[in-house]
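Trainee: I would like to learn how to read strands, sheets, helix contacts and burial from a structure. Could you take me through them one feature after another?

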Amino acid sequence: MVSPNPDLNGGASSASKDVSTSTSTLPDAVIRFAGNSQDGIQTIGGFLARLAGRSDQDVMTYMTIPSTISGGPSIFQVRMGTGEILSAGDQMDFLVAFYQHSYENHISSLRDGGVLIYDSDHVKPDPNDRRYLHVPVPITSATIEVMGGAGKDKGKNMFVLGLIARVFNLDVAKLHALVKERFAGKSEDIARNALVALDAGYAHPVENLLGQRYRFEQSQRSGQRPQVTMDGNTALTYGLLAAGVRYGAGYPITPWSTIMEMLRSELPKYGGTFVQAEDELAAVSLALGFAYSGHLAVTGSSGPGLSLKAEALGWAVMAEIPLIVINVQRGGPSTGLPTNIEQSDLMQAIYGSHGDAPRIVLAPRNVEDCFYIALEAAKIARECSVPVIILTDQALATRIEAFDEPDLAALVQPATVDLSTRPESFKPYPLDAVTRHAPPGAKIASNKYPTVTGLEHDEFGHPTANPALHTKMTARRREKIKRYGESLPRPEVTGDKEGDILLVSWGSPYGPVKEAAHRLHADGEKVGHLHLRHLNPLPPGLERIFARFRQIFVVEINDQGLYGYGQLATLLRARYANPAIRSITKTDGLAYKTREVIDGVNRLRGDASASVSAYPSDIEN
């Protein structure tokens with residue numbers, strides 16, 4: 001009998017065997033589905049993640065998909081269970097292999113003692129490999145038996161979902177409800193066939209080969225707010241809606257496009273609209289037009305699209321127009337890795353413009369934070385009258401997590417336009433105050449109506465080339481960003497507050513880096529973890545935090561560059577002139593594993609001058 005050891009993946013305790021029922025209880029498990037993108041394995045993972053959310057469990061997913069239209073090998077990994085789950089797991093407890101290439105490409109990531117469930121119609125594992133429990137299931141032929149030949153390719157994912165539900169004693173009634181919700185509005189035959197395949201998989205006596213079944217520990221979440229389950233792009237979209245954003249424009253590009261598609265369908269329900277423009281420059285210009293009219297607006301893209309928007313973003317800085325810009329980062333440069341993760345757009349977000357064009361840059365740390373960072377970006381854009389860039393990434397865009405349902409009654413902001421009469425003293429660009437535009441239609445008592453332009457201007461917006469005024473206006477645009485930075489709360493250090501090592505992260509590596517700090521601390525290390533959400537300007541007090549640690553390792557998914565430092569590490573070294581700041585970086589297009597962070601720490605700790613990047617041997621599927 002095999003009992004996955006969750007300690008390898010950050011679980012709270014080892015599995016305990018209930019002999020009377022031949023069921024092992026697990027705190028959590030990592031399950032990877034490996035097949036082709038056409039097999040619907042993302043659907044399996046999505047259903048499991050949403051079931052975990054409705055069962056008061058924690059969940060985190062990870063997926064890879066091919067960037068070609070014709071499709072190809074793909075995986076969907078689910079880590080689900082009780083307690084706080086910070087990463088999708090370093091090693092798998094269960095691997096479900098649809099094809100021979102799925103087995104060959106991913107078996108090395110299955111931990112010793114793990115469970116290999118494979119389609120015996122397509123997969124022939126090495127019979128001499130005794131490290132894993134081999135569980136053959138005729139997935140394809142069993143699906144054909146219940147669905148007929150025409151339905152095999154569309155039904156075997158649901159068959160596997162039922163199989164996993166049996167293995168883990170999952171709530172089948174809730175799964176049925178999720179399937180019906182998923183296919184609501186479609187032909188009744190679709191939902192009925194999906195349920196037939198699911199029930200057939202659940203009826204398969206897989207425990208005869210496993211020797212046991214499993215169940216997750218009882219959740220301790222009773223009495224808390226109900227959970228919602230979604231991916232990062234969905235959370236960002238709902239955050240924009242709650243923030244009162246009703247207008248926007250964009251152009252399709254992976255992995256931003258799902259935000260655009262949701263906004264196109266949702267904004268009209270709230271009296272707004274989203275325009276798909278003919279190109280990226282037109283998209284940002286349309287969004288700026290919405291913002292000029294008094295409506296906080298949004299545009300977005302991935303790295304290549306942000307490059308194309310740069311000219312108009314410079315105009316937004318000069319004209320001081322409030323705007324939310326979302327950059328869902330992917331591998332670059334150029335078209336790069338459209339379906340893989342990278343954090344290489346930080347410098348572009350902060351400095352990607354001609355001239356001195358300060359803007360505010362934020363980065364969410366997980367799926368839940370995608371919702372709340374949209375609210376924060378809207379508040380900042382309105383109060384500071386400035387473009388606010390949200391740097392999320394492909395991992396957060398597609399990752400599914402469960403989190404407490406937001407208190408929408410307390411959070412939702414009205415979508416109103418201020419058309420009140422401006423006093424006779426009104427100036428849109430006062431030297432001693434923050435910009436406050438008067439949208440078209442607002443009456444101004446002096447009858448002196450302002451100009452909004454990309455040219456340097458005076459306090460009324462009238463173009464000027466006066467050297468002294470340009471100096472004052474440049475300082476004015478800079479200082480409002482500085483004042484905002486000074487108002488930020490001092491960031492919190494988790495773990496040890498002083499000691500040998502401080503791990504610094506931003507964006508989606510938050511969970512694996514925090515988990516790495518936990519493991520190093522458990523091994524007797526004096527380790528703290530600092531995560532930054534505010535990247536430009538930086539929050540106050542960092543120099544005092546850095547001074548309490550002997551070594552500072554910045555973990556990010558970008559290249560260590562010409563001088564050996566990743567992009568955030570370069571900024572921190574420039575700002576604080578602290579030689580203890582060094583880099584742990586990688587550019588394999590994959591999310592960080594916890595062990596990769598620990599390996600980076602171990603390689604750096606003995607070399608007081610080096611930074612490290614993932615070696616080719618570290619790169620795996």
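Mentor: We will go through pairing, sheets, helix contacts and single residues in turn, keeping in mind that this is a predicted model.

Trainee: Let me begin with a single strand: how many of the residues of E3 are buried, and in which sense do E3 and E5 pair?

Mentor: As a general idea, strands of a sheet pair through backbone hydrogen bonds, either parallel or antiparallel. In this structure strand E3, residues 28-36, is mostly covered, with nine of its nine residues buried. With strand E5, residues 73-81, E3 forms nine bridges in the antiparallel sense, and one pair to look for is Asp28 with its bridge partner Gly81 in E5. Strand E6, residues 92-97, is joined to E3 by four bridges and runs parallel to E3; there you can find Ile31 opposite Phe94 of E6.

Trainee: How should I read a whole sheet, and what is the order of the strands in the open sheet of seven?

Mentor: Begin with the order of the strands, and then look at the edges. The order here is E12-E11-E13-E14-E16-E15-E21, and the pairing is mixed. Strand E12 (273-276) and strand E21 (534-536) stand at the edges with a single partner strand each, so one side of each has no neighbour in the sheet. On average, and with direction ignored, neighbouring strands of this sheet are turned by 20° against each other. For a parallel pair inside the sheet, take strand E15 (residues 360-362) and strand E16 (residues 387-393), which share three bridges, with Leu362 having Ile390 of E16 as its bridge partner.

Trainee: Which helices pack on this sheet, touching E11, E12, E13 and E14?

Mentor: Helix H9 (residues 257-266) packs there, touching strand E11 (247-250), E12, strand E13 (297-301) and strand E14 (323-329), and its direction makes about 135° with that of E12. Helix H10 (residues 280-292) also touches E11, E12, E13 and E14, but here the angle is given against E13, with a value of about 165°.

Trainee: Where are the edges of the open sheet of six strands?

Mentor: The order in that sheet is E18-E20-E19-E22-E23-E24, again with mixed pairing, and its edge strands are E18 (493-495) and E24 (612-613), each of which pairs on one side only. Three bridges join E18 to strand E20 (residues 527-532) in an antiparallel arrangement, and Gly495 has Gly528 of E20 as its bridge partner. Helix H17 (residues 510-522) lies across strand E19 (499-506), E20 and strand E22 (549-556), running at about 170° to E20. Helix H19 (residues 567-576) packs on the sheet as well, touching E19, E20, E22 and strand E23 (581-585), with its direction at about 140° to that of E22.

Trainee: For two helices in contact, at what angle do H1 and H5 pack?

Mentor: Read the angle together with the distance between the axes, and then turn to the residues. Helix H1 (residues 41-54) and helix H5 (residues 172-182) pack at about 120°, with their axes 10 Å apart, and that angle makes H1 oblique to H5. Their crossing is right-handed. H1 contributes Phe47, Arg50, Leu51 and Arg54 to the contact, while H5 contributes Lys174, Leu175, Leu178, Val179, Glu181 and Arg182; by class, these residues are five nonpolar, no polar and five charged.

Trainee: What are the angle and the classes of residue for H10 and H11?

Mentor: H10 and helix H11 (residues 303-319) pack at about 35°, with their axes 8 Å apart, and this crossing is right-handed too. Among the residues that meet are Leu281 and Leu288 in H10 and Leu308 and Trp315 in H11. The contact has nine nonpolar, two polar and three charged residues.

Trainee: Finally, is Gln57 buried or exposed?

Mentor: Compare the relative accessible area with the cut-off: buried means under 20%. Gln57, in the loop between H1 and strand E4 (58-64), has a value of 10% and is therefore buried. Leaving aside neighbours within four places in sequence, Gln57 is in contact with Ala52, Met80, Gly81, Phe216, Gln227 and Ala402. Leu411, which lies in helix H15 (residues 408-411), is partly exposed at 23%.

Definitions and conventions: Residues numbered from 1 in each chain as written. Predicted model: local features only at pLDDT ≥ 70, side-chain atom pairs only at ≥ 80, totals over all residues. Heavy atoms only, no water. Buried < 20%, exposed > 50% of the residue type's maximum accessible area, 1.4 Å probe, protein only. Pairing = 2+ DSSP bridges. Axes fitted to C-alpha atoms, helices over the stretch in contact; angles between N-to-C directions. Contact = heavy atoms within 4.5 Å. Parallel < 35°, antiparallel > 145°, perpendicular 65-115°, else oblique. Left-handed = near helix turned anticlockwise from the far one by under 90°. Nonpolar A, V, L, I, M, F, W, Y, C, P; charged D, E, K, R; others polar.
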